[in-house]
Amino acid sequence: MTATKLIVILGATGNQGGSVAEVFLREPQWRVRAVTRNPTSTKAQALAARGAEVVQADLDSPSTLLSAFENAHAIFAVSDFWGLFGDPANEAKAKGQPLNVWAANQETEQLKAVIAAAARIPTLERFVLSSLSNATKWSQGKYTHVYHFDSKARAEAWGRETYPELWKKTSIFQAGFFLSNFVSNPIMQPVMTAHGVAQFVGNIDPDVKLPFIAAEEDTGPIVKALVQEGAGKNVIGYREWSSLRELSKAFAQSTGTETECIQLPTGESNIPLPSELRLELDDNWAYCNEFGYEGRDDPTIIHPKDLDSPPQLDSVVNYFRKQDWSKVLAQGK
């Protein structure tokens, strides 16, 4: 009988962690330990019903991480800046700071705790950290307000320096631009005109190439390759390397709707935004336009096709075909 290995998955009920759990639950040689703050949630119970060991741990309580990681052969670690930023209970914790600045610092500390705990697991063979590019570094200090990128990158850099032995077992997964943003995020949703044209409105240059990912589907296959292959990889995760203009054509193909792209000047938005978020997103889009979502000057970046066993991922068109666009398409009527 083949011995099974244990993968511990943080954020197992979320987009990235859920995708990793989905993939490894289908692997008979792996056992899945799903880590969540709320083991009684519907998603957690569904994982348990499929054979996952569901355990409670909290990134804000580092002592809970050691027991969650016990006997792990692989760990997938992911954090949630937008969950911190969007939780009204955290406004008081910011103590006068902009909430996104507080959320970034908190996320960095959370990931440091995860890294420190992982370094103490003697059975660990592979650590996969979900991170993003360092916008401040790769823009040479031009864009310093992309907090939800830099918060992860800072923890990654700290881990590499502080735990070199762990880093010999580590690979980095950078999730690309979420396709789900176009479905549910008002900032990115297509806007329908009275003439039935779906407009993709925003500050992104429509001809700049971006890594588009269906995180809830694609993360698992990419992370599986990172777990099974040698360590030391830094992969930008995506299903299609495409421009916003090309993506709008995929939307047209999947919905039968005419589309167009409209690039707004820096500082303008199609919806009202808090000033601190406006500053962050202005820098975010400008960074992508000028230096690339992935920090294109980073020499360590590899693409999914560069993996030893490249995953077979679906298309953007098929992702769009599966979505319910009824509310979006009804806007201009």
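Author: Rings of Phe, Tyr and Trp (its six-membered ring) form an aromatic pair if their centres lie within 6.5 Å; planes under 30 degrees apart are stacked, over 60 edge-to-face, the rest tilted. This is a predicted model, in which local features need pLDDT of at least 70 and side-chain atom pairs 80 or more, while totals for chains, interfaces and linings use all residues. Residues are numbered from 1 along each chain as its sequence is written, and side-chain values use heavy atoms, without hydrogens and water.

Reader: How many aromatic pairs are in the whole structure?
Author: The search for aromatic pairs covers the whole structure. Its result is 22.

Reader: What is the geometry of the pair Phe-177 and Tyr-293?
Author: The centres of the Phe-177 and Tyr-293 rings are 6.4 Å apart. Their planes make an angle of 55°, and the pair is tilted.

Reader: How many residues apart in sequence are the parts that Phe-177 and Tyr-293 tie together?
Author: Phe-177 belongs to strand S7 (residues 177-178; strands are DSSP runs E of at least two residues, helices H or I of at least four). Tyr-293 sits in the loop between H12 and strand S14 (301-302). The pair therefore ties together parts whose separation in sequence is 116 residues.

Reader: Is Tyr-293 buried or exposed?
Author: Buried means under 20% relative accessible area, exposed over 50%, with a 1.4 Å probe on protein chains only. The relative accessible area of Tyr-293 is 7%, so Tyr-293 counts as buried.

Reader: Which helix gives the most to the largest nonpolar core?
Author: The largest nonpolar core (buried Ala, Val, Leu, Ile, Met, Phe, Trp, Tyr and Cys joined through side-chain atoms within 4.5 Å) has 52 residues. Phe-177, Phe-182 and Tyr-293 are among those with the most contacts inside this core. With 7 residues from the stretch 275-291, the most is given by helix H12.

Reader: Which residues of H12 make the contact with H7?
Author: The axes of H7 and H12 (lines fitted to C-alpha atoms over the stretch in contact) come within 9 Å and cross at roughly 75°. H7 and H12 are therefore roughly perpendicular (65 to 115 degrees). On the H7 side, the contact (heavy atoms within 4.5 Å) is made by Tyr-147, His-148 and Phe-149. On the H12 side, it is made by Glu-280, Asn-284 and Tyr-287.

Reader: How many residues of helix H1 are buried?
Author: Helix H1 (residues 15-24) is mostly covered. Val-20, Val-23 and Phe-24 are among its buried residues. Of its 10 residues, the number buried is 7.

Technical notes
Axes are lines fitted to C-alpha atoms, for helices over the stretch in contact, and angles run from 0 to 180 degrees between N-to-C directions. Angles under 35 degrees count as roughly parallel, over 145 as roughly antiparallel, 65 to 115 as roughly perpendicular and the rest as oblique.
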